[in-house]
Amino acid sequence: MTLEYLQNYWWLLISVLGGILVFLLFVQGGQSMLLGAPTKERRDLIVNCMGRKWELTFTTLVTFGGAFFASFPLFYSTSFGGAYWLWILILFSFIVQAVSYEYRNKAGNVYGTKTYDTFLFINGCVGCILLGVAVSMFFFGAQFTVSRGNLLDPGSPVISQWASTHGFEAIFNWKNLILGVAVLFLARMQGALYMMNNITDDPDFFNTLKNKALVNGGIFVVFFLWFLAMLCTATGYTVTTNPDYSLNVVETPFKYFHNFIHLWWAGLTLLIGVVAVLFGLLKSCFSNHWTKGIWFTGIGTFLAVISLFWVAGYNDTAFYPSLLDPASSLSIRNASSSEFTLKAMSYVSIVIPFVLAYIAYVWKSMDKKKLTQEELETTSHKY
Amino acid sequence: MDDLMTVVDWSRWQFALTAIYHWLFVPLTLGLSLIVAVMESLYLKTKSEKWLAATKFWMTLFGINFAIGVATGIILEFEFGTNWSNYSWFVGDIFGAPLAIEGLVAFFMEATFVAVMFFGWGKVSPRFHLASTWLTWLGASISALWILVANAWMQYPVGMEFDPAQMRNVMDNFWALFSGIAVNKYMHAVFSGWALSGVFVIGVSCWLLMKKRNEAFAVRSIKVGGWIGLIGLLLTMWTGDGSAVEVTKHQPMKLAAMEGLYHGSTSQSIVAAGIVNPNKTWDNDEDEYIFDIALPYGLSILAKHDPSAFVPGIADIVNGIDVNENGDTINTVSYAERIRLGKLSHEALRAYDLARTNHDEAAMAKAAADLKEYYPYFGYGYFDSVDEAIPPVGVTFYSFRVMVILGSYFLLFFIVALFAVYRKDWLQRHKWLQWIAIVSVPFMWMCSEAGWVVAEVGRQPWTVQDLLPTKAAISEISSASVITTFWLFAVIFTVILVAEVSIMLRQINKNSQKNLEIDNAH
């Protein structure tokens with residue numbers, strides 16, 4: 001296993017985790033519909049449906065961060081320390097999510113159910129948009145510089161420097177927000193489809209969800225196509241890394257479009273992903289009782305996201321372009337961990353199929369019996 | 001950065017705040033999950049509904065606590081990036097691996113099976129449910145393993161070498177991460193969680209006895225919690241002793257600060273209780289303590305398992321004086337010399353960088369050789385005076401005593417609790433014992449937190465021992481940003497904590513009014 005091979009392998013794993021994370025954001029999508037639900041019974045249904053999966057989304061986010069830290073520490077160091085406010089706001093939205101499920105219906109929760117439902121709503125909307133913004137910077141860049149020599153500057157020993165707005169400039173960049181909004185409506189569409197699959201005894205709610213899936217799916221498609229158009233016409237950086245880890249950077253018009261062509265398998269994966277999402281959405285909305293749409297849109301989402309990560313990182317592309325100093329951009333070559341660490345971590349990654357297998361087994365076992373209002377009234381652990 | 005030290009101080013406060021809040025919930029997760037798993041196993045073995053009722057009672061409290069532990073945990077991981085970005089680059093090649101493994105191996109296990117634990121009743125077989133409960137406990141324990149391995153590595157950095165071309169450390173031995181410090185630290189932390197949960201279970205159960213609700217249930221719970229707590233506490237003490245020996249070897253300055261000891265000696269006594277003199281410094285002649293009760297030979301035994309051994313004090317370490325096993329005085333590297341060598345290592349790294357830019361192979365080789373020689377003192381190169389390299393003595397000294405004194409008290413607590421609970425109606429009749437058990441609960445948290453204060457304040461000023469001080473580990477952010485986020489976190493954590501405590505108390509009150517005495521055992 002060469003270093004180059006390991007870097008490619010770990011970018012693949014990062015893209016897989018990213019794909020799973022975006023799929024699992026259906027939990028946030030469901031939460032974002034909470035305040036619009038007309039009755040307490042329906043809000044309870046939404047929360048208890050989503051609440052049995054929230055830990056998986058949360059854990060995937062943590063593992064995504066941990067894997068990035070382990071495999072591409074320069075990204076972790078540069079992005080988290082630089083886009084400080086972006087990541088802090090993401091964190092805030094996830095802190096309030098974690099406790100809200102457990103506390104919302106418990107006696108003595110001090111602030112009342114509505115407060116916790118509002119927290120879940122905030123996490124559902126803000127979490128999705130800001131994660132979309134964070135991923136968008138992989139394509140449209142960020143305002144930072146990297147200078148390793150700063151390590152020896154006692155007055156300011158930090159190697160990565162960022163614009164003084166520290167992440168707010170990224171949040172209010174309309175290009176980033178396009179993807180953020182697309183992710184929100186994708187999550188809402190998937191949240192509706194998941195509930196159609198998981199809640200059985202309320203035909204009225206089923207039809208409401210169907211409408212929600214169609215409307216949110218439609219908005220998602222518009223924003224996603226907008227994002228794709230921007231992506232394919234964007235100028236990216238083609239980079240090669242020197243032995244001293246400095247970069248040769250060439251600005252390349254239509255870089256990502258070229259990547260989709262050159263990495264034809266990434267383009268094909270995106271196409272299959274988009275078709276699967278559209279199929280799952282449309283069949284769900286125009287059939288009377290079909291509930292398997294979430295699986296098609298889920299797989300489609302996963303495929304589309306991993307293909308986007310591939311064109312961001314492969315084919316000598318800077319996966320974190322610097323808008324202030326192109327030579328400071330991050331690529332999977334100059335931002336990665338050492339060969340030893342990547343190799344050690346690769347051995348650990350052998351457990352991933354086992355992890356996925358037991359998650360799938362548990363998911364199937366738990367969802368075999370669909371959620372009903374009656375179960376909520378009798379269960380010993382209700383959110 | 002024009003306000004470097006303000007950013008450093010507030011970043012430290014923010015991380016300390018997050019860690020202290022996180023550790024309020026984690027030990028209860030580690031221990032209560034075990035207690036619940038044992039109770040559910042007894043249910044499956046005896047088929048008695050009384051154990052099922054007990055399992056569900058404690059599982060509810062586990063769930064309330066679990067969520068907030070998860071919430072505060074994610075912040076800690078991300079704060080390494082947001083507030084300690086230089087650290088993340090400097091040692092990310094080593095430190096990132098345990099965090100990723102933690103997520104992959106432990107978090108998913110915990111997250112997947114905790115859902116079965118809460119919602120799987122009647123949906124999966126009883127055996128699968130029990131397995132899920134044990135796997136939740138295992139996931140939590142494995143998670144602790146990796147984060148504590150990572151923490152221990154910061155205190156005793158091994159298994160890596162410095163790569164001057166990238167200006168960072170790279171791993172060269174994965175298994176070196178499992179050092180003596182790591183093993184002791186892991187066991188010490190996890191077993192202390194068992195002890196804390198034992199105290200919690202006994203305290204809550206005694207409240208039920210006082211209210212005369214479900215007394216047989218309370219007695220059963222005290223037996224399970226008491227034994228797990230006692231075993232946990234004994235193992236905590238054993239591994240604490242191991243930790244002291246490891247600290248003596250690798251962080252002698254921390255040990256000296258824990259003891260408030262400036263001038264060491266052979267057959268060194270230990271201060272059982274005392275007040276350190278706040279005016280004492282390593283280079284003045286003031287007394288070390290305003291008041292102290294010393295136990296002869298105590299520190300020599302604790303530090304080196306030898307009553308006649310020499311234990312150096314702060315001034316000895318600063319001046320580079322130690323005594324070997326034969327009783328001969330030997331010179332170690334003084335702190336002034338370490339600072340000089342540290343600055344030489346910085347110069348060597350600058351020279352290497354310049355030579356690399358000029359493609360001067362010979363100069364690169366020479367600079368690399370110099371750097372290798374001086375690198376063990378790299379972190380000292382950031383200091384201008386010896387005082388910067390000494391940890392806060394008072395906080396470390398008092399925290400250590402709080403931990404040890406309360407830890408010893410809880411040994412007595414468990415012995416008395418178990419003695420009382422196995423004598424017919426003894427605990428039920430002695431209300432004062434019930435009161436003591438209830439009042440003791442918050443002190444166990446104090447004991448547990450004090451342990452972390454010793455570990456983390458005692459290692460200052462280092463983020464990575466000898467290599468990276470906190471002031472070189474930070475992110476390039478404004479002090480206003482960090483101060484704002486500190487207060488945001490402080491408010492939100494407190495808001496959540498108030499809710500958690502309130503819900504816990506209400507759940508205990510509400511659930512204890514149900515009949516938990518059903519017994520259908522055959």
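# Close-ups of a two-chain predicted model

**Figure 1. Where chain A meets chain B.** In this predicted model, the contact takes 69 residues from chain A and 73 residues from chain B. On the chain A side, the elements that put in two or more residues are α4 (54-71), α5 (73-82), α6 (84-103), β2 (160-162), α14 (339-348) and α15 (352-367). Sort the residues on that side of chain A by class and you get 42 nonpolar, 20 polar and seven charged.

**Figure 2. Chain A on its own.** Pull chain A out and you can find 16 helices and four strands. Its C-alpha atoms fill a box of roughly 65 × 45 × 40 Å along the principal axes. How does the radius of gyration of chain A compare with that of a compact globule? A compact globule of 383 residues would come out near 21 Å, and chain A has 21 Å, so the two agree. Buried residues make up 58% of chain A. Take the contacts in chain A between residues at least 6 apart in sequence: 76% of them join residues at least 24 apart.

**Figure 3. Chain B on its own.** Chain B has 16 helices and 10 strands. Its radius of gyration is 25 Å, close to the 24 Å that the globule rule gives for 522 residues, so chain B is as compact as a globular protein of that length. Along the principal axes, the C-alpha trace of chain B spans about 85 × 50 × 40 Å. In chain B, 55% of the residues are buried. Of the chain B contacts between residues at least 6 apart in sequence, 76% link residues at least 24 apart.

**Figure 4. The domains of chain B, and where domain 1 touches domain 2.** The domain assignment splits chain B into domain 1 (4-251 + 392-511), domain 2 (256-326) and domain 3 (335-386). Taken over C-alpha atoms, the centres of domain 1 and domain 2 of chain B are 31 Å apart. Where these two domains of chain B touch, 11 residues of domain 1 are in contact with 11 residues of domain 2. On the domain 1 side, α7 (215-250) and α13 (393-421) of chain B each supply at least two residues. Which helix gives the most to that side? It's α13(B), with six residues. By class, the domain 1 side of this contact in chain B has six nonpolar, four polar and one charged residues.

**Figure 5. Helix α11 of chain B, end to end.** Helix α11 (residues 335-357) of chain B is a nice one to check with a ruler. At 1.5 Å a residue, its 23 residues should span 33 Å, and its end C-alpha atoms are 33 Å apart, so the lengths agree. Which residues of α11(B) are buried? They are Tyr335(B), Arg338(B), Ile339(B), Gly342(B), Ser345(B), Ala348(B), Leu349(B), Tyr352(B) and Asp353(B). Their cover includes α10 (314-319) and α12 (361-374) of chain B. Just past the helix, His359(B) takes a positive phi of about 55°.

**Figure 6. Backbone oddities in three loops.** Most residues other than glycine have a negative phi, and most peptide bonds are trans. Now for some exceptions. Asp316(A) has a positive phi, near 55°, and sits in the loop between α13 (293-313) and α14 of chain A. Asp316(A) counts as partly exposed because 19 other C-beta atoms lie within 10 Å, and 20 or more would make a residue buried. His305(B) also has a positive phi, near 55°, in the loop between α9 (298-304) and β6 (310-311) of chain B. Is His305(B) buried or exposed? With 12 C-beta neighbours inside 10 Å, His305(B) counts as exposed. The peptide bond between Gln460(B) and Pro461(B) is cis, with omega about 10°. You'll find Pro461(B) in the loop between α15 (431-457) and β9 (462-464) of chain B.

**Figure 7. Inside the largest nonpolar core.** In soluble globular proteins, nonpolar side chains tend to be buried together. The largest nonpolar core here has 316 residues, and Ala182(A) and Val183(A) touch the most other members. Helix α4 (residues 92-119) of chain B provides the largest share of this core, 20 residues. What does Val183(A) touch, leaving out residues up to four places away in sequence? Its partners are Val22(A), Leu25(A), Cys128(A), Ile129(A), Leu131(A) and Gly132(A).

Conventions. Residues numbered from 1 in each chain as written. Chains lettered and ligands numbered in written order. Predicted model: local features only at pLDDT ≥ 70, side-chain atom pairs only at ≥ 80, totals over all residues. Rg over C-alpha atoms; globule rule 2.2 N^0.38 Å. Contact = placed C-beta atoms within 7 Å. Nonpolar A, V, L, I, M, F, W, Y, C, P; charged D, E, K, R; others polar. Domains from an automatic or database assignment. Expected span 1.5 Å × (residues − 1). Core = buried A, V, L, I, M, F, W, Y, C linked by C-beta atoms within 7 Å.
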